[in-house]
Amino acid sequence: LTFTICGRMLDIEQRLWESVGAVVWDAALVLCRYLEECSQPRGVYPDAVRLKGKRVLELGTGTGLLGIVAHLLGAAEVILTDREEILPITWDNLRRNLPEVILGHPSVPEVTHGVLLKDTQEQSGPNSGAPIQIRPLLWGAGEEHTLGGDFDYVFASDLLYNSEHHEALVQTLLALCKPGTVVIMVQKWRDASKESMFLLQAENAGLKYEQLTLHTSPDGFGMW
């Protein structure tokens, strides 16, 4: 699939036969477009979210599209997480779309141990973001401390389709969020009762949320 985002043509590989996690879901595109719009001074959401210089973590990164966009929008650090078996496609898409930030990591197996992809001023050019890391993360397993802390933003798109994982996701969000951390979730409405139950679980656990209005996306999506 090809997308033009942040003035750049992105070529994102999907592997539908491998896993639902290796697919570009519509909610990820909605969040990408929202972040891009936030970066425009005359956009619909001026200054709502500014990634320049921020530390960003994505849960359930899959193909890596959202992380690539966060990098192009100037995030100081981007950490992409997913189940270990998903990360090879994340790596391949980074290698395909951000070759200027990949130095000395030619092999996929390194992904399973967490890959640091570091760019330099000379190689990154005017769209320089900063280090990109790919890390395996199992929700609710107490692994969040390995990622560091003090994230400015945590992104999550279309992660609520399986209610069996909701409690673990809440626990992971609690572990990642410090004072000042903002979580942005976009979800395509499939089963409103299950998705509303997740929000109740999150609220009961101490996470505050508010629903945001999306002016530039199709109907059928919720954003918090």
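Student: Which residue in β6 stands opposite D82?

Tutor: P136 does. This is a predicted model, with local features needing pLDDT of at least 70 and side-chain atom pairs counting only at pLDDT 80 or more, while totals for chains, interfaces and linings use all residues. Residues are numbered from 1 along each chain as its sequence is written, and side-chain values use heavy atoms, leaving out hydrogens and water.

Student: What makes β4 and β6 a pair?

Tutor: Pairing takes at least two DSSP bridges between two strands. Five bridges join β4 to β6 (residues 132-136), so they pair, and they run parallel.

Student: And what joins β4 to β3?

Tutor: Four bridges, again in the parallel sense, link β3 (residues 55-59) to β4. R55 stands opposite E77 there.

Student: Why is the β3-to-β4 crossover called right-handed?

Tutor: With the strands pointing away from you, the path from the first strand over the helix to the second runs clockwise, so the name fits. Here the chain goes from β3 through helix α2 (residues 65-72) to β4. Helices (H or I, at least four residues) and strands (E, at least two) are DSSP runs, numbered from the N terminus.

Student: How do you know that β4 (residues 77-82) is mostly covered?

Tutor: Six of its six residues are buried, that is, under 20% relative accessible area (exposed is over 50%, partly exposed in between; 1.4 Å probe, protein chains only). E77, I79 and T81 cover one side, with V78, L80 and D82 on the other.
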